[in-house]
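Thank you all for coming; I would like to walk through one protein this morning, moving slowly from single residues to the larger arrangement. Please have the sequence and the structure in view while I speak.

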Amino acid sequence: MYGKGIAKGLWVTFKHFFATYVDDVRYAGRKYMRQENFGVRQGLNTQGAFTVQYPDEKIAVPERFRFVPFLVTEDQDASRMGEDWCTSCGICAKVCPPQCIWIVRGTNPETGRPVPQPEAFFIDIDICMNCGFCAEFCPFDAIKMDHDYEMASYDRTRHHIHDKQKLSKPSSYWKSIAPTTALEEAAARGGWEHSDIIKSMKKAGQTPVPPTKENMTFEPAKLVEVAQPVAVAAVEAPAAEAPAPKRAAAPAAPAAPAAAGEKKKFDKAAMLEKIRQRKSEK
Ligand code: SF4
Ligand code: SF4
């Protein structure tokens, strides 16, 4: 075992070592000329070792890759442009194993009754373990796992608690990073639209256009751009603004109770403080 096994192992190492130079010669200078070359050299069928010069070069992530979640917003229906697909049902927050999702349900300012829209939505990306349960369980396809993994920053408090503004991305973005899954989901819903729109269309006697690759509003071909060599991003300088409060900061003073009949306003600062406290307790 020791004699033959070691020789066998060394032979495999030598083969990869040699193949690296063969590939280097074969693709010399042409690595970046065609997108396919870059893809082949990163792929499973590549010969030898291929070093990715990150961050000048980036490996194209597979479609099923998942990092932190984002919220899908409407960008097809003109009457609902920019609106969240999320109905603030709270299922994602319930199933999230480390409990890093906080949702505040929206209310109608006139009647005070709850509306199916989140007024605030927070995800603590330091706690998120990228499991994808939230996206799996969402009945409205309103939360999806993003491909953006470059989120390092000097601030561990505010920048890593993503609010609704930071989380929201249009549905065409989801189609661009995961065309196959987006198509499967749309086929299951019965159209490219949000399931509520599809329901109301059916009630009105209209038939949604069946989703196909051809009527996808975002070209999947744009996916390959992810693997293009990019310029080195400038390192984010430490924020010049006032330093962030320490984790063990004193709890915020409780808000004054709302007058009878007055609509209780969502206090974002208090919510962020509450999240920081919960983080410091963990
Ligand atoms: S993202 Fe989905 S599961 Fe979470 S609250 Fe919104 S609709 Fe419900
Ligand atoms: S990916 Fe997992 S850990 Fe992260 S927010 Fe979703 S359910 Fe929670």
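In which loop is D141 found? If you follow the chain, you will see that D141 sits in the loop between helix 4, residues 133–137, and strand 4, residues 143–145. Before I go on, please keep in mind that what you are looking at is a predicted model.

I begin with D141 for the sake of its backbone, since its phi is positive, about 50 degrees, although it is not a glycine. For anyone new to this, most residues other than glycine have a negative phi. D141 also counts as buried, because it has 20 C-beta neighbours inside 10 Å, and 20 or more is the cut-off for that word.

S88 can be described in a similar manner: its phi is near 50 degrees, again a positive value in a residue other than glycine. S88 lies in the loop between strand 1 and helix 3, the latter being residues 91–95, and with 21 other C-beta atoms within 10 Å it is buried.

S88 leads us to the ligands, as it is one of the residues that surround ligand 1, a group that also includes C86, C89, C92 and C138, along with I103, F140, A142 and I143. When the shell around ligand 1 is sorted by character, there are 9 nonpolar residues, 3 polar ones and no charged ones. Around ligand 2 there are 14 residues, of which C96, C128, C131, F133 and C134 come nearest, and that shell divides into 12 nonpolar and 2 polar residues, once more with no charged residue.

Let me turn now to the overall arrangement. The protein has 9 helices and 6 strands, and buried residues make up 16% of its 282 residues. If we take the contacts between residues at least 6 apart in sequence, 70% of them join residues at least 24 apart.

How do strand 2 and strand 3 run with respect to each other, parallel or antiparallel? They run antiparallel, with 6 bridges joining strand 2, residues 101–107, to strand 3, residues 114–124. W102 has F122 of strand 3 as its bridge partner, while T107 stands opposite P114 in strand 3. This hairpin has 6 residues between its strands, and within it G112 takes a positive phi near 75 degrees.

The hairpin belongs to an open sheet of 3 strands, in the order 2-3-5 and with antiparallel pairing. Its edge strands are strand 2 and strand 5, residues 161–162, each of which pairs on one side only. Strand 3 and strand 5 pair over 2 bridges, and here D124 has I161 in strand 5 as its bridge partner.

Next comes the interior. The largest nonpolar core has 27 residues, and those with the most contacts inside it are L71, I101, I123, A142 and I143. Strand 1, strand 2, strand 3, helix 6 and helix 7 each supply at least two residues of this core. Leaving aside residues up to four places away in sequence, L71 touches several partners, among them C86, F121, A142, I143 and L167; you may recall that C86, A142 and I143 are also among the residues surrounding ligand 1.

For contrast, I would like to finish with parts that are not buried. Why do we say that helix 1 lies largely in the open? We say so because, of its 26 residues, the number buried is 0. Its length can be checked as well: at 1.5 Å a residue, helix 1, residues 2–27, should span 38 Å, and its end C-alpha atoms are 37 Å apart, which agrees.

My last residue is K213, which is found in the loop between helix 8, residues 195–203, and helix 9, residues 268–281. With 10 C-beta neighbours inside 10 Å, K213 counts as exposed. K213 and P179 are 34 residues apart in sequence, yet from C-alpha to C-alpha they are 8.4 Å apart in space.

Definitions and conventions:
Residues numbered from 1 in each chain as written. Chains lettered and ligands numbered in written order. Predicted model: local features only at pLDDT ≥ 70, side-chain atom pairs only at ≥ 80, totals over all residues. Helix = DSSP H or I, 4+ residues; strand = E, 2+ residues; numbered from the N terminus. Expected span 1.5 Å × (residues − 1). Buried ≥ 20, exposed ≤ 12 C-beta atoms within 10 Å, placed from the backbone. Near = placed C-beta within 6 Å. Nonpolar A, V, L, I, M, F, W, Y, C, P; charged D, E, K, R; others polar. Pairing = 2+ DSSP bridges. Core = buried A, V, L, I, M, F, W, Y, C linked by C-beta atoms within 7 Å. Contact = placed C-beta atoms within 7 Å.
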